[in-house]
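Me: Please give me a close reading of a single part of what is shown here, chain B. I would like to know how its elements are arranged and which of its residues deserve a second look.

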Amino acid sequence: MAKVLLLDQQSQEEILRKERKANNAWNKLKRNKTAVLGLAAVCFMIAIAVFAPFITDGKPNEIHPIDAYLTFFEKGHIFGTDEFGRDLFTRICYGARVSLLVAAGATIVGGIAGVLLGLLSGYMGGIVDAVVMRIMDGVLAFPFILLSIVLMTVLGSGMINVILAIGIAEIPRFARVVRGQVLVVKREEYCNAGRVIGISHLRMLFRHILPNTISEVIVYATLNIASAIISESALSFLGLGIDLPTASWGSILRAGRNSLNTAPHIATVSGVFILITVIGFNLLGDGIRDVLDPKMKK
Amino acid sequence: MSENPIILQIKNLSKDFEVKGKGLNGKKSVLHALKDISLDIREGEVLGIIGESGCGKSTLGRCLVGLHKPTGGDIFFEGKSILNRSSKERFELCKNIQMVFQDPYSSLDPRHTAADSVAEPMIVHKTVKGRQELEHKVLELFRQVGLDIQHMNRYPHEFSGGQRQRLNVARAISIQPKVVVCDEPVSALDVSIQAQVINLLKGLQKKYHLTYVFISHDLSVVKYVSDRIAIMYLGQIVELCNGGDIYKNPLHPYTKALLSAIPPESPEENKERITLEGEISSPIGDREGCPLAGRCPECMERCKKEVPSLLQYGEAGHQVACFLYENGIAQGGK
């Protein structure tokens, strides 16, 4: 064949090594500026949650009625205080622990269960598909809050149960997204090529179909993190979530809503932190999607 | 070739598809993609299958590799039926019958690197032990199909059509199959690349003594690679002959028309053009008589009622399904 290149073995291996390095997931992510920005935002939020006891006085629930409704930088409170005179910066840092855990946990629970059900449903088709998707439709038919209330009543309050309740309510959405994509991918010629080779159903699902549906899942999951933070605050507001006075961003935001005219800083600060987290996860999610997609290469 | 044992035997194979009618309560009708096809494929030969779009050649290829389940008839590999086998036996059969797909763009998983795609059959069938041997084997396959070590970590979209088809070939031969079904392997490629891929396929066939079922709509390609050629029309084989005979001595009116459609080599050459009247009739619904009956210039009354069967005529190995030659068979005393 005339196609033999003039490169010797060594320079070929050199090219191979360079390509391997360039295609390395971490290196690809590093080249994506917006993804790095998102990663930085997420890391910052995780850092304040982890190091909360060290960067604050460690008493998020200590009440000082005299110092209520202080605004920014008054009396050494960076973000001021809330209606009970609690230091808002401390509460934000401790609230990050709850909010991030619930958001990530619920998305992981809902994501994994939803993806597995969606894969099964889309791949098997027929009666399995019909049964699974009708159950999912049934779950979707409940208003989210109603469903969470039912689940929380059954499970009882507490962080793990909040994660489970929000996660379960998210399952049908993930399942729908994945199933739709699986229906497209499983008819692709490369899946037929796999069948000709005789690959197992498991290999087909997890080596061919799942990697080709993962982009949609990641985009949906990053969007979902934002709604999970808000959902947690809704549950806390109803007294079904994390027990008061434990701080979470959602509960601070809710509390700040009541004093929006007199002390707008409470809702503003917590809102901004939620915003930065959501944007951070979205940018990071887009970056991860691009890294996983071999066609996106700069 | 005839002394070689039969490796793949197709017996009265039929494949029907259900077609939904228009509207909500549309009546279902049946599309006969393959109708009563019988064919023997001998070890080490290249059997070309040729026909126009929609005549069922790809369906036939897909039945052979198990992507379609035939609705009638049977396929025997080395004397044993390949249908209705347990999944384990089916899996073992995969090792022997492989396929090169028509579209090199969609038949490789976009998320797997070239090396992953080529290695997959060997991993699945556990024909190699350990990473090192696998890597060595993949590299050897890359060399065999004319790709380089530097291509190993690239993704399908970074390759040209020809290179992708080389990858498909490497994938197909990686587990040493006995039969390779090539479903229009070059029709999506440039003419210059076609020649390269065909030569590659030919070289591999000689080297490993492979049996090819070579499906194409391109007469010149089929003639170049095939030992025997089967001409298909509307789900049936109308003529079966040795590679050279198709030009020298075409028998069936459809084959004659097909050959006359090839442009003459010189503009001065006066070539008689046989044109078939009308459109190709629909494969949907039941049909009586010879598939070509409505368009055949030599159609007889009988052709509209009976289906001619594939019978020997003239030289050895030349079979034709046409009533015009039934008398000839009688005259020749077989």
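Reply: A residue counts as buried if 20 or more other C-beta atoms, placed from the backbone, lie within 10 Å of its own, as exposed if 12 or fewer do, and as partly exposed in between. B:E184 is buried on this criterion, because 21 other C-beta atoms lie within 10 Å. This is a predicted model, in which local features need pLDDT of at least 70 and side-chain atom pairs count only at pLDDT 80 or more, while totals for chains, interfaces and linings use all residues. Residues are numbered from 1 along each chain as its sequence is written, and chains are lettered from A and ligands numbered from 1 in the order in which they are written.

B:E184 sits in the loop that connects strand 7 with helix 6 (191-208) of chain B (helices are DSSP runs of H or I with at least four residues, strands runs of E with at least two, numbered from the N terminus). Although B:E184 is not a glycine, its phi is positive, at about 45 degrees. A second residue of this kind is B:D36, again not a glycine, with a positive phi of about 55 degrees. B:D36, however, belongs to strand 2 of chain B, and it counts as partly exposed because it has 17 C-beta neighbours inside 10 Å.

Strand 2 leads to one of the sheets of chain B, an open sheet of four strands in the order 2-1-4-5, with antiparallel pairing (two strands pair if DSSP finds at least two bridges between them). Its edges are strand 2 and strand 5 (80-81) of chain B, each of which pairs on one side only. Strand 1 (residues 6-19) of chain B is joined to strand 2 (residues 29-42) of chain B by ten bridges, the two strands running antiparallel, and B:I10 has B:L39 in strand 2 as its bridge partner. Strand 1 is also linked to strand 4 (residues 72-77) of chain B, here through five bridges and again antiparallel, with B:Q9 standing opposite B:F76 of strand 4. Helix 1 (residues 57-65) of chain B lies across strand 1, strand 2 and strand 4 of chain B, and it runs at about 65 degrees to strand 2 (axes are lines fitted to C-alpha atoms, for helices over the stretch in contact, and angles run from 0 to 180 degrees between N-to-C directions).

The other sheet to consider in chain B is an open one formed by eight strands in the order 6-7-8-3-9-10-12-11, and its pairing is mixed. At its edges are strand 6 and strand 11 (311-312) of chain B, which each pair on one side only. Within this order, strand 3 (residues 46-50) and strand 9 (residues 228-233) of chain B run parallel and are joined by four bridges; one pair of bridge partners consists of B:G48 and, in strand 9, B:I229. Helix 5 (residues 161-173) of chain B lies across strand 6 and strand 7 (179-183) of chain B, with its direction at about 175 degrees to that of strand 6.

B:F214 is a useful residue from which to look at the packing. It is in contact with B:V46, B:L47, B:G48, B:I49, B:C182, B:V222, B:V225 and B:S226, once its neighbours within four places in sequence are left aside (contact requires C-beta atoms, placed from the backbone, within 7 Å). Together with B:V213, B:F214 has the most contacts inside the largest nonpolar core, which has 91 residues (such a core is a set of buried Ala, Val, Leu, Ile, Met, Phe, Trp, Tyr and Cys residues joined through C-beta atoms within 7 Å). Another core, of 63 residues, lies apart from it, and among its members are A:M152, A:A165, A:A228 and A:A255.

There remains the side of chain B that meets its partner, where 25 residues of chain B are in contact with 26 residues of chain A. Helix 2 (87-94), strand 6 (97-100) and helix 3 (114-124) of chain B each contribute at least two residues to this side, and helix 3 of chain B provides the largest share, three residues. Strand 6 of chain B thus appears in each of these descriptions: as an edge strand of the eight-stranded sheet, beneath the listing of strands that helix 5 of chain B lies across, and among the elements that touch chain A.

Terms used: Contact = placed C-beta atoms within 7 Å.
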